[in-house]
Structures are given as structure tokens and as C-alpha cells.
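This note is addressed to a colleague who is meeting the structure for the first time. Its points are numbered so that each may be checked in turn.

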Amino acid sequence: MTDDPLPQTIIHNYIHGQHVPPTTKQYLPVLNPTTSTPLATVPLSTSTDVTTAIHAAHAAFPAWSGRTVKSRAGILHRFHALLRQHAHEFAECIVRENGKNITEALADVAKGNETVEYACSLPQLMQGKIDRVSGEVSCRDRRDALGVVVSVVPFNFPLMVPLWTLPIAVVTGNTVRGWIGSSDFYPNAIVQNPTRVVQQCLTVWLSKIVLKPSEKVPMTMNKLTTLFEQAGFPPGVINLVHGTSEAVEALIDHPLVQAVTFVGSSPIARLVSERCHALHKRCIALGGAKNHLVALPDCHVESAAADIVVSYAGCAGQRCMAASVLLVVGGKESSEALVRAVVEKASRIEPGTEPGKMGAVIDGASHAKILGYIEQSERDGAEILLDGRSWIEKMAGRGGNWIGPTIIRHRNKMDRAMREEIFGPVLSVYHVDTWQEAIEIENSNPFGNAAAIYTTNGGSAEWFCSRFRAAMLGVNIGIPVPREPFSFGGLYGTKSKYGDMDITGDGAIEFFTNRIKITTKWPAPSAPEYTVGVDQEQ
Ligand code: NAD
């Protein structure tokens, strides 16, 4: 762990392919979470800066739409290859500004690039369908992109979360296709001989994106602009505006913006969703989480313990999919082996950003919040089985926001640490006598991102998977992230998701497009030369 070698950078917005100084005079420092070294300053962009970015995006339409589908897909393929080639540089930048370890940072890049890879297939995945619905009437549909869309992202995955939306948003516009003719080019042949239809590309309307990175980690996305250019994205298709609430509100309110994706904490997710819906704009707003793991007495102790530690302490617990409550089913005696194994494995983790170590949490405010939950738990009468506060002394004098893996055994399920999102390396353990009690506790929490069951019995696993109140479920997997083509997103109606659809996979295709349905009726041709399948010489 060394101090950051980079000179301090002033970050600008990225608009129409240029790094543009914003009109604001207000900047925030970006600090290395592991050393507290200043890395950069980030502007708090104003509504004027936002308007400039949105107009640039809007104006990009001719350049983007003038390209063939093949050339647009080619840009994304090049971007994918470039990101792979430069993965280490980006991972190092993530370590510097986010504080996670290098293995986790490389995974941040690789997982982001998986969505890029998925988006490369969108020309195939987005094809419309056609059916003869009655007599000479047929229906077909196609997907039109939305126009200017906005993405607002959090600090915890500086590259992966922006890449959840960015590639899908810009490429969904590439493949606005309709099945518009047959190989004979007779309209009614679509109905009469569907196997012979040919696909034609109808370029209708293409998406462009304005992305607002987290002000806590603006450097990674800023660096990614070099790859946008090398890959060949035309200016204005992808734009970055830095800032916080003022920029986000102006982005939502701008009349040219059609849809907004948001990922962050629940209170802000709710605000963003309500603001969008009041303006009749499409919005998906993913919020926070409180993910429950249930361990049954028949679980495989060693592998469950290893997985639980990765789930709650990986990325210093700063993952919306991280475990935060472990419900151990069965008498305390029978379940003690699992709890002991979890504590033992977690206690071996060392501070640092090298592989296998655990990095620092993002900032002083987050550090203070985590400490507050540990202290409150002590006041609530909970037992601290592993105390991460020991790292404060261990790392004293080095700067940074260090807090080690912490495990708290609660006596009362109503303790605040059992119910609220902490977003740090803290696991709450609670013993229950029955499966039903475990489900009751999980179901009554107000979040609905993820839940997982540890068992060696398939029937028990199914029982829990059909009763958990969360959208992403795991069996013997504590971080059950669904990869493409499956969609990522929490349960609607909980604090984990406000708004519409999902943010990746099929859900994102649906989110970033309008489905246009076309119903046609063509009278059967009367002239013999127009009758499909009739030999002209007869
Ligand atoms: P945050 O809510 O503080 O910030 C998220 C984004 O919102 C940032 O870009 C920020 O600038 C912006 N923002 C902040 N205040 C705003 C306001 N008043 N109005 C409009 N925009 C505002 O979240 P964070 O601390 O960056 O990230 C951590 C949170 O994100 C955790 O709660 C975590 O669970 C959640 N998260 C959820 C998911 C998911 O998929 N559900 C994924 C990653 C992170």
C-alpha cells in the first residue's frame, strides 16, 4: 500500500467528445480511501452544464444513425477488446479511488465487460416478431430506442455499474429492425411464407446517454473516455456530467431526457423515481439492501463458512449483494460449528489492496456510520464475536478509512444493525429455532435485493426459494448475481427497487426501447403474376 503516485487532477465533464470545463465554481476533493491522499477534484456541475451535455447527446443523432448496424456493433466489439487489453490500468485506477483490492477491481472491470459482450449480441437479441393473427391480418413489432437517456451511478463499482447501462443504452438503438418483406418482396408473402422473409433494418431512433458518475469515484469513468474514442463512438453518443443532486435533478427535468436509470441508496432512489414518474418519464431506480443468508443444520460447514465470509466481507461489505444477516437455524449448539468457522476465516483477513486482503471503506462518513452501528449493537446487548475496530489502531498513522471484518451475535432481532443497511464489513448473526422463523425475519425486512439458503438438501432449498421475499436468490451462493441474459434488479415494492423493469439482460432491452406494434392487412393479390407460389407459366 503506497501513496498514490498520480499528480492531482481536475476532472472536467465529457461532452461531445471533449473534456469541457464546467461553469461551476464548486468542486469536491476525491481522496484515496486507503491513504486519504488527494487524487483529484470533481466539479459539482450546474443545470447549465447539464443542458450543454443533453444538447450534445441530442445532436449526435445524425452521426450515430448514419452508421450501419454492422458498423455500430463493430464499435462495441472494439470497445470490448480495448477494455480487456487495458483491464489492469483500469483496475489500478479503481483501487486508487475506491479502495477495494486489486482482484476485486479486476472483477469490476471483467464483469462490466461481460455486459458489453452481451450488448454486442443485441442485433440478434432485439429482433422483432411477426405473426398472422387472423385472415389476411398480420402483426409485427419492432423496438425503437428512446432518444436521450440518463444513468446515475454509485461509488461501489466505479466501472461495472456504469457498464450495466451504457452499452445496452447505446446499442439498443442499433437494431431497430422490422420484418418488412419476403424474399419475393410481396407484402402478403410474409403471411403466406414466413420462412422466406428477409430481415431489413429500419433505422428509426437511436439512444444516446448522459452518465453521471459518483462524485466519490469520478476518475475511472473519466479515463474510460479514451477507450470510447479509440473504439470509434461518435462525439455526443456518450457524455459524462459530474456532480451531485443539482446535476441529477437537472438531468431528470430536462425535456429531451426520455428515461433515467439510477443505482444508489434507497432514499435517493425513491426521490429519483418519484421525480421521474411525476414527469411521466421511464425510470428504474435500484436502492439499498439488507441481504439475509439462512444456514440449515445440514449445510456443508466449511464451504458455507468460506462463502459467507466472501459474501459479507468482500469489497469491504460495500456491495448491494453482500450478506448482512446470517440466520442460523437449529439449536445454538448444533450451529456453533458454522459460526466458529465464519469467525475464524474472517479473522484471518488482513488489511490491504493486494489479492486476498480487504481494502478500506469509501470515506470518513461511511466509516463513522459503520462504527455507530457496532457501538449501538453493544448498547443493545449484542455480543461482538469479531471486532473490526482493531484495524483502527493497526492502521493508525497511514491515513485511510480502515475497519476490519466484524461479526455481531444479536439477542434481539429488532436491533438496528439487524434491520438497517450498514454498507460495511459487518455480519449480524441471529439464531432461530425453526425454518419458519427464519423466513418470517427475512420476509419482514423492508429491502428485497438478495437472499440465500445454505443446505445439502434440494427440497429444503426449493422450500426457501419459493418463500424468500427478494428478487435474486442463491442456493449455497451468498452473492447470487444473475449474469446476462438474466436481468439484475431487486424486488419491486421494496426499498431495493423503485420504478420499472430491470437494469441488465432482458429487462434492460425492455427498459431502453419502445415496442412498436404494426398491424397490417393486405388483400390477396388478384393478378396471377402477384400470386406467390403460382407458376407464372401455367
Ligand atoms: P448514493 O445514493 O449516495 O449516491 C448514488 C448517486 O446519487 C451518486 O451519483 C450521487 O451523486 C447521487 N446523489 C446523491 N444525492 C443525491 C440527491 N439528493 N439527489 C439526486 N442524486 C443524488 O449512493 P452511494 O453511497 O454512491 O452508493 C451506495 C448505495 O448504493 C448503497 O445503498 C448500495 O446498496 C446501493 N447500491 C445498490 C445497488 C443495486 O443494484 N441495488 C448496486 C450498487 C449500490
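In which sense do strand 17 and strand 18 pair, and over how many bridges? The first point gives the answer.

1. The model is predicted. In it, strand 17 (residues 383-386) and strand 18 are paired in the antiparallel sense, over 3 bridges. Within this pairing, Ile407 of strand 18 is the bridge partner of Leu386.

2. On strand 19 (residues 426-432), strand 18 pairs in the parallel sense, over 4 bridges. Two of the bridge partners may be named: Ser428 in strand 19 is the partner of Ile408, and Val426 in strand 19 is the partner of Thr406.

3. The residues of strand 18 (residues 406-409) alternate in direction: Thr406 and Ile408 point one way, whereas Ile407 and Arg409 point the other way. All of these residues are buried, the charged Arg409 included.

4. These strands belong to an open sheet of 7 strands with mixed pairing, whose order is 17-18-19-16-15-20-21. Its edges are strand 17 and strand 21 (472-475), each of which pairs on one side only. On average, neighbouring strands of the sheet are turned by 20° against each other, with direction ignored.

5. Helix 12 (residues 301-313) should be viewed together with this sheet. The helix lies across strand 15 (291-295), strand 16 (323-329), strand 19 and strand 20 (450-454). Relative to strand 16, helix 12 runs at about 155°.

6. Helix 4 (residues 87-98) has 12 residues, which at 1.5 Å a residue should span 16 Å; the end C-alpha atoms are 16 Å apart, so expectation and model agree. Its buried residues are Phe90, Ala91, Cys93, Ile94, Val95, Arg96, Glu97 and Asn98. The packing partners of the buried residues of helix 4 are strand 4 (27-31), strand 5 (38-43), helix 5 and helix 9 (219-231). Just after helix 4, Gly99 adopts a positive phi of about 90°.

7. Helix 5 (residues 102-120) passes the corresponding check: its 19 residues should span 27 Å at 1.5 Å a residue, and the end C-alpha atoms are indeed 27 Å apart. The buried residues of helix 5 are Glu104, Ala105, Asp108, Val109, Gly112, Asn113, Thr115, Val116, Tyr118 and Ala119.

8. Which residues come nearest to the ligand? Of the 28 residues around the ligand, these are Pro154, Gly264, Ser265, Gly288 and Cys320. Helix 10 (245-253) and helix 11 (266-278) are the elements that give two or more residues to the shell. Helix 11 provides the largest share, with 3 residues. Sorted by class, the shell around the ligand holds 14 nonpolar, 11 polar and 3 charged residues.

9. Some totals place these details in context. The protein chain contains 19 helices and 23 strands. Of its 538 residues, 50% are buried. Among the contacts in the chain with a separation of 6 or more, 73% are made by residues 24 or more positions apart.

Technical notes. Residues numbered from 1 in each chain as written. Predicted model: local features only at pLDDT ≥ 70, side-chain atom pairs only at ≥ 80, totals over all residues. Near = placed C-beta within 6 Å. Buried ≥ 20, exposed ≤ 12 C-beta atoms within 10 Å, placed from the backbone. Contact = placed C-beta atoms within 7 Å. Pairing = 2+ DSSP bridges. Axes fitted to C-alpha atoms, helices over the stretch in contact; angles between N-to-C directions. Expected span 1.5 Å × (residues − 1).
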